[in-house]
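User: Hi! I'm new to reading protein models, and I'd like to learn how to go through one feature by feature. Could you walk me through this one?

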Number of protein chains: 2
Amino acid sequence: MAENEKYMKRALELARQASEQDEVPIGAVVVDSLTGEIVAEAHNESEHGSEATAHAELLAMQKACQKLKSKRLWNMDLYVTLEPCTMCAAAISFMRIKTLYFGAVDVKGGAVVSGVRFYEQSTCHHKPEVFQGLYAEECGEMLKKFFRIKRDKKS
Amino acid sequence: MAENEKYMKRALELARQASEQDEVPIGAVVVDSLTGEIVAEAHNESEHGSEATAHAELLAMQKACQKLKSKRLWNMDLYVTLEPCTMCAAAISFMRIKTLYFGAVDVKGGAVVSGVRFYEQSTCHHKPEVFQGLYAEECGEMLKKFFRIKRDKKS
């Protein structure tokens, strides 16, 4: 298995853990691109956490900053199961993430290849390398299943 | 003095405190629109804090969520001295802020009337009311002065 598949598999496992806690199943992993070490990981906590902004990739990056005692994440890669939203896409830029790997595309809320396509804008001052599509089907299917069950419970 | 001028004055005072700590002078205040109470306030901590994403408005909203034990900020207004960036504009939307008041426009990094103009986009699912220009000159001048001093120190 290629290294980057291993990290996305871990992000998927975190997403699975989120869904077991009735959280939106999105997982994220911060990896040191020089050593291959997983520095921090998180899943969404926006449903039962303290804030609606508790997205997986934002939490994982904040944990990485705390662990590394650094306000930026130079030479760090980020793996996340869903295309980052506008808030997270900009946060990734502020954090100076080197390479962003994401799984499924998010047409309704994404901001990398969807929506505002933040990294192509003049107000974006650091653009990570972007690779999309790693385990995209699994990443997307887990989300679809989660919301299908939510809808079924309501009806 | 109109009520909303009072809150922006407080945000300016927080910005001034930031500059005294060698932080980028931006201040933010979360106000309960029903009672007029200041629920939370913060200034930028992105220079000396733990993360590059420690922007005044994000910190103030997070503090408000913790205080109110609510993951969203229904009926809350946000006052911030500078036009929010892309990350913060989206966070304001996620938090369901009712009315956003900002001082100076940020052509290089803003995302409300500048840059991606997030609230006009289809991937924005809650648009606050927006009022701009309260003490715009003071808000902008404080930032210009801060960066002028930084530049002079370097040269």
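User: Let's start with one residue. Where is A:Thr53 found?

Analyst: Keep in mind that this is a predicted model. A good habit is to place a residue among the helices, strands and loops before anything else. A:Thr53 lies in the loop between β2 (38-43) and α2 of chain A.

User: Is A:Thr53 buried or exposed?

Analyst: For that you look at the relative accessible area, and under 20% counts as buried. A:Thr53 has a value of 2%, so it is buried.

User: Which residues does A:Thr53 touch, leaving out those up to four places away in sequence?

Analyst: Here you check the chain letters as well as the numbers. In its own chain, A:Thr53 touches A:Leu58 and A:Met87. From chain B, its contacts are B:Gln62, B:Ala91, B:Phe94 and B:Met95.

User: Chain B keeps turning up. How do I describe the way two copies are related?

Analyst: Two copies of a chain are related by a rotation about an axis and a shift along it. In this model, chain B superposes on chain A after a rotation of 180 degrees with 0.0 Å of shift along the axis, and the RMSD is 0.0 Å. The two copies are thus related as by a two-fold rotation axis.

User: Which residue of chain B comes closest to the rotation axis?

Analyst: That's B:Met87, whose C-alpha is 2.0 Å from the axis.

User: And why can we say that the copies meet through the same surface?

Analyst: You compare the two lists of interface residues. Here 100% of the interface residues of chain B are also interface residues in chain A, so the copies meet through the same surface.

User: Okay, helices next. At what angle do the axes of α2 and α3 of chain A cross?

Analyst: Think of each helix as a line with a direction, then ask about distance and angle. The axes of α2 (residues 56-68) and α3 (residues 86-94) of chain A come within 9 Å and cross at roughly 25 degrees. Angles under 35 degrees count as roughly parallel, and α2(A) and α3(A) are therefore roughly parallel to each other. Their crossing is left-handed.

User: Which residues of α2(A) and α3(A) meet?

Analyst: On the α2(A) side you'll find A:Glu57, A:Leu58 and A:Met61, and they meet A:Met87, A:Cys88, A:Ala91 and A:Ile92 in α3(A). Sorted by class, that contact has six nonpolar residues, no polar ones and one charged.

User: What about α2 and α3 in chain B: how far apart are the axes?

Analyst: They are 10 Å apart, and the helices pack at an angle of about 20 degrees. That makes α2(B) roughly parallel to α3(B), and this crossing is left-handed. From α2(B), the contact uses B:Glu57, B:Leu58, B:Met61, B:Gln62 and B:Cys65, while α3(B) brings B:Met87, B:Cys88, B:Ala91, B:Ile92 and B:Met95. By class, you get eight nonpolar residues, one polar and one charged.

User: Let me try another pair. How do α1 and α4 of chain B cross?

Analyst: Same steps as before. The axes of α1 (residues 3-20) and α4 (residues 136-154) of chain B come within 11 Å and cross at roughly 5 degrees, which makes α1(B) roughly parallel to α4(B). B:Leu12, B:Ala15, B:Arg16 and B:Ser19 from α1(B) meet B:Glu138, B:Cys139, B:Met142 and B:Phe146 from α4(B). The classes here are five nonpolar, one polar and two charged residues.

User: Back to single residues. What does B:Glu47 touch, again leaving out residues up to four places away in sequence?

Analyst: First, its place: B:Glu47 is in the loop between β2 (38-43) and α2 of chain B. Its contacts are A:Lys71 from chain A plus B:Asp22, B:Glu23 and B:Val24. At 28% relative accessibility, B:Glu47 counts as partly exposed.

User: And where is B:Lys63?

Analyst: B:Lys63 sits in helix α2 of chain B. With 41% relative accessibility, it counts as partly exposed, and B:Lys63 touches B:Ala40, B:Glu41 and B:Ala42 if you skip residues up to four places away in sequence.

User: One last thing: what is phi near in A:Arg117?

Analyst: Phi is a backbone angle, and here you look at its sign. For A:Arg117, phi is near 40 degrees, a positive value in a residue other than glycine. A:Arg117 is in the loop between β4 (99-104) and β5 (129-132) of chain A.

Conventions:
Residues are numbered from 1 along each chain as its sequence is written. Chains are lettered from A and ligands numbered from 1 in the order in which they are written. This is a predicted model: local features need pLDDT of at least 70, side-chain atom pairs count only at pLDDT 80 or more; totals for chains, interfaces and linings use all residues. Side-chain values use heavy atoms; hydrogens and water are left out. Helices (H or I, at least four residues) and strands (E, at least two) are DSSP runs, numbered from the N terminus. Axes are lines fitted to C-alpha atoms, for helices over the stretch in contact, and angles run from 0 to 180 degrees between N-to-C directions. Angles under 35 degrees count as roughly parallel, over 145 as roughly antiparallel, 65 to 115 as roughly perpendicular and the rest as oblique. A crossing is left-handed if the near helix is turned anticlockwise from the far one by less than a right angle, and right-handed if clockwise. Contact means heavy atoms within 4.5 Å. Ala, Val, Leu, Ile, Met, Phe, Trp, Tyr, Cys and Pro count as nonpolar, Asp, Glu, Lys and Arg as charged, and the others, Gly among them, as polar. Copies are superposed by least squares on the C-alpha atoms of residues with pLDDT of at least 70 in both. Buried means under 20% relative accessible area, exposed over 50%, partly exposed in between (1.4 Å probe, protein chains only).
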